[in-house]
Amino acid sequence: MLAVSVDSHFVHKMWQDYELSKMVDGGVPFPILSDGSGNIGKVYGVYDADAGVEMRGRFIIDPDGVIQAIEVLTPPVGRNVNELIRQIKAFQLVRKTKGGEATPSGWEPGKPTLKPGPDLVGKVWEVWKVDNAF
Amino acid sequence: MKELKVGCGKPTGATVGAPAEQTKEKDQVLEKEVVDMAAARVGAKAPDFEAPAYQGGNFGQVSLSDYLGKWVVLCFYPGDFTFV
């Protein structure tokens, strides 16, 4: 987990020490990075030059350094940690099966996966029901 | 985290390595912009970067490439002390 904003590392320290540590014992257990110039945010497409801040961009990056998922929100709406964890579990399953299994809409651990191949063409309706999306 | 010498300056993060650049003769500037904007996309390598960081009472330098071999969640947010 890496957090990034345009604030300096000094301000990160103040925020961690004076506010975050009151929400999480000992403060958040990951590095908070400083991107004052917005250089990193620009390359990731989340830097808002007019406001001088970075949008709520979230990237899931696999062990090979490949981006598997992107979510970008404007500032007033927060993220959903459960959905983040669900997506990581789904990408980890796909990676573990070397793409042999895929996770359909609404998948979460315990729900059926799909095994793409010639036999599945036109047969998804037999193994996946709309209820599984929810 | 790698060591970060703490001075009075305000160092910032930066990408590592030159951005991918296509050198087509026609519309070269436009091509470069398109490549830059498309630098981060699903299925592509995450652009590497290095930035000053704070963790566990210490300042340091963190690179994305430090985490090769691990799953990484990279979260940008609007600012410290903002409300959400």
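1. Chain B first: in this predicted model, its secondary structure amounts to one helix and five strands. Followed along the sequence, the elements run β-β-α-β-β-β. Of its 84 residues, 31% count as buried. If you like contact-order style numbers, here is one for you: among contacts in chain B with a separation of 6 or more, 51% are between residues 24 or more positions apart.

2. On to how the two chains meet. In chain A, 60 residues are in contact with 46 residues of chain B. Together the chains bury about 4900 Å², and 66% of that area is on carbon and sulfur atoms. Leu2(A), His9(A) and Trp15(A) supply 14% of what chain A buries against chain B, more than any other three residues.

3. A word on the polar side of this interface. There are zero salt bridges between chain A and chain B, while 26 residue pairs are in polar contact across the interface, counting pairs with both residues at pLDDT 80 or more. The side of chain A that touches chain B draws two or more residues from each of several elements of chain A: strand 1, helix 1 (9-23), strand 2 (32-34), helix 2, strand 4 (53-54), strand 5, strand 6 (67-73) and helix 3 (81-96). Helix 1 of chain A gives the largest share, ten residues. By class, this side has 33 nonpolar, 15 polar and twelve charged residues.

4. Now the packing. The largest nonpolar core has 21 residues, and Tyr44(A), Phe59(A) and Leu74(B) touch the most other members. Both chains contribute elements with two or more residues in this core: strand 1 (2-5), helix 2 (39-43) and strand 5 (56-61) from chain A, and strand 3 (49-55) and strand 5 (72-76) from chain B. Apart from it there is another core, of seven residues, including Ala3(A), Leu20(A), Val28(A) and Phe30(A).

5. Leu74(B) is a good residue to click on. Setting aside residues up to four places away in sequence, Leu74(B) touches Leu2(A), Val4(A), Tyr44(A), Gly57(A), Arg58(A), Phe59(A) and Ile61(A), along with Phe49(B).

6. One last residue: is Gln16(A) buried or exposed? Gln16(A) lies in helix 1 of chain A. Its relative accessible area is 4%, so Gln16(A) counts as buried, the cut-off being under 20%. Leaving aside neighbours within four places in sequence, Gln16(A) is in contact with Ser21(A), Gly27(A) and Val28(A), and with Tyr54(B) from the other chain.

Technical notes. Residues numbered from 1 in each chain as written. Chains lettered and ligands numbered in written order. Predicted model: local features only at pLDDT ≥ 70, side-chain atom pairs only at ≥ 80, totals over all residues. Heavy atoms only, no water. Core = buried A, V, L, I, M, F, W, Y, C linked by side-chain atoms within 4.5 Å. Buried < 20%, exposed > 50% of the residue type's maximum accessible area, 1.4 Å probe, protein only. Helix = DSSP H or I, 4+ residues; strand = E, 2+ residues; numbered from the N terminus. Contact = heavy atoms within 4.5 Å. Buried area = accessible area lost by both parts, 1.4 Å probe. Salt bridge = Lys/Arg side-chain N within 4 Å of Asp/Glu carboxyl O. Polar contact = N/O pair within 3.5 Å; in protein donor to acceptor, adjacent residues only side chain to side chain. Nonpolar A, V, L, I, M, F, W, Y, C, P; charged D, E, K, R; others polar.
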